[in-house]
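User: I am a first-year student and would like to go through a protein chain. Please answer my questions one at a time.

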Amino acid sequence: MNKVTAASFRPFQPYPPQKTFLTNEEFCRLVDRSHHTSQRWRTQGEGPPFLKVGGRIMYDLEDDVLPWLEAQKRTNTAYDEQDTD
């Protein structure tokens, strides 16, 4: 049997690594929008991706919400790249 040393010991790491999920209420507070706005975004596919677990809406903070917020940055109001097709 191998002897465990301080250099070889690694504490238990959950797999997959722990994620941070926001409830719909927390997401609404973060983006300063109403429940109705977040509901409309989900219906129209405009907001960040979301999970629906047992009827409860949840958002993955690191993988979905933060990248979505970053994509909302604009340098001016005269031209919106998302509106061109």
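User: Which residues form a nonpolar patch on the surface?
Analyst: This is a predicted model, in which local features need pLDDT of at least 70, side-chain atom pairs count only at pLDDT 80 or more, and totals for chains, interfaces and linings use all residues. Residues are numbered from 1 along each chain as its sequence is written, and side-chain values use heavy atoms, with hydrogens and water left out. A patch takes residues with over 30% relative accessible area and no salt bridge, joining nonpolar side chains (Val, Leu, Ile, Met, Phe, Trp, Tyr) within 5 Å and like charges within 9 Å; accessible area comes from the Shrake-Rupley method with a 1.4 Å probe, and for residues only the protein chains shown count as cover. Here about 240 Å² of accessible area is shared by Phe-21, Leu-51 and Val-53.

User: What is the order of the strands in the open sheet?
Analyst: Strands (E, at least two residues) and helices (H or I, at least four) are DSSP runs numbered from the N terminus, and two strands pair if DSSP finds at least two bridges between them. The sheet has 3 strands with antiparallel pairing. Strand S1 (21–23) and strand S2 (51–53) are the edges, each pairing on one side only. The order is S1-S3-S2.

User: Which residue in S3 is the bridge partner of Val-53?
Analyst: Val-53 lies in strand S2. S2 is joined by 3 bridges to strand S3, residues 56–60, and the two run antiparallel. The partner of Val-53 is Arg-56.

User: Is Asp-60 buried or exposed?
Analyst: Buried means under 20% relative accessible area, exposed over 50%, and partly exposed in between, with a 1.4 Å probe and protein chains only. The relative accessible area of Asp-60 is 7%. Because this value is 7%, Asp-60 counts as buried.

User: Which side chain meets that of Asp-60 in a salt bridge at 2.8 Å, N to O?
Analyst: A salt bridge is a side-chain nitrogen of Lys or Arg within 4 Å of a carboxyl oxygen of Asp or Glu. Asp-60 sits in strand S3, and its partner is 41 residues away in the segment before S1. That partner is partly exposed, at 33% relative accessible area. It is Lys-19.

User: How far apart are the closest N and O atoms of Arg-40 and Glu-46?
Analyst: Arg-40 is partly exposed at 38% relative accessible area, and Glu-46 is partly exposed at 41%. Their side chains form a salt bridge, and the distance is 3.6 Å.
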